[in-house]
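Student: Could we go through this one together? I'd like to see how each label is earned.

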Amino acid sequence: MILHLPSHFQNTPCMEHSPLRFTVFATVLFALVPNVQAQFTITDAAFAEGLQYWVPAAMNGNVLDTLHPDVINLTYMALGQSTTPIANIDGIRYFPNLQSFGVAFHALTELPPLPAGLIGLSVTYGPLASLPTLPAGLERLTCNNNQLTSLGELPPTLVELWCE
């Protein structure tokens, strides 16, 4: 990464004629700026519990390390019935290579933004009332036994639909 400083900083005593001083300054500056996209707090305890099963090394309590290789490389996740039904899956978007996702016996009333590469989605047995904009490449959708009154616009790639 190249950092260009405005001209009024370039001639300050600490920067003048010293690439080493600039390097130290830039290193300290970047060390103090946190990577806000590296961690995401999972607010739903049941969803956090499910993630601790699927990506244990990427979880610290209810905090997901969104840049962890296990998160980046996960392609399949299924969350079933737990003691407390999952009511919020906010954070699912941080799984960029997730191709198939399923959750059953849930308490979801809506879905957050989903990973763009998702091709299979199953959300069954719950109070889900509406579907969000679905990923453009979605091929399979199962949403039976919910409270859906309409499906909205479906992606043209959809080849399998089971929603009753």
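**Rings, a strand and a sulfur link**

Tutor: Sure. In this predicted model, ring pairs join Tyr-53, Trp-54 and Tyr-76 into a cluster. A search of the whole structure turns up four aromatic pairs.

Student: What makes Trp-54 and Tyr-76 an edge-to-face pair?

Tutor: Their centres are 5.7 Å apart, and rings pair if their centres lie within 6.5 Å. Then there's the angle: the planes are at 70°, and over 60 counts as edge-to-face.

Student: Why say that this pair ties parts together?

Tutor: Trp-54 belongs to helix α3 (residues 45-54) and Tyr-76 to strand β4 (residues 76-79), so the pair ties together parts that are 22 residues apart in sequence.

Student: Are Trp-54 and Tyr-76 buried or exposed?

Tutor: In between. Trp-54 has a relative accessible area of 24% and Tyr-76 comes in at 45%. Buried means under 20% and exposed means over 50%, so Trp-54 is partly exposed, and so is Tyr-76.

Student: Why is the pair of Phe-105 and Tyr-125 called stacked?

Tutor: The planes are at 10° and the centres 4.8 Å apart. Planes under 30 degrees apart count as stacked, so the label fits. This pair links distant parts of the chain, 20 residues apart: Phe-105 is in the loop between β5 (100-104) and β6 (120-124), and Tyr-125 is in the loop between β6 and β7 (140-142). Phe-105, at 39%, is partly exposed, and Tyr-125, at 40%, is partly exposed too.

Student: Back to β4. How do you know that its side chains alternate?

Tutor: Look at where they point. Met-77 and Leu-79 point to one face and are buried, whereas Tyr-76 and Ala-78 point to the other and are not. That's what a regular strand does: side chains alternate between the two faces of the sheet.

Student: What makes β4 and β5 paired strands?

Tutor: Four bridges join the two, which run parallel, and pairing takes at least two bridges. Met-77, for one, stands opposite Phe-101 in β5.

Student: How do you know that Cys-143 and Cys-163 form a disulfide?

Tutor: S to S is 1.7 Å, and the cut-off is within 2.5 Å, so the pair qualifies. The count comes to one disulfide. With 110° about the S-S bond, the link is right-handed.

Student: Which of these cysteines counts as buried?

Tutor: Cys-143, at 2% relative accessibility. Buried means under 20%, so Cys-163, at 27%, counts as partly exposed instead.

Terms used: Residues are numbered from 1 along each chain as its sequence is written. This is a predicted model: local features need pLDDT of at least 70, side-chain atom pairs count only at pLDDT 80 or more; totals for chains, interfaces and linings use all residues. Side-chain values use heavy atoms; hydrogens and water are left out. Rings of Phe, Tyr and Trp (its six-membered ring) pair if their centres lie within 6.5 Å; planes under 30 degrees apart count as stacked, over 60 as edge-to-face and the rest as tilted. Buried means under 20% relative accessible area, exposed over 50%, partly exposed in between (1.4 Å probe, protein chains only).
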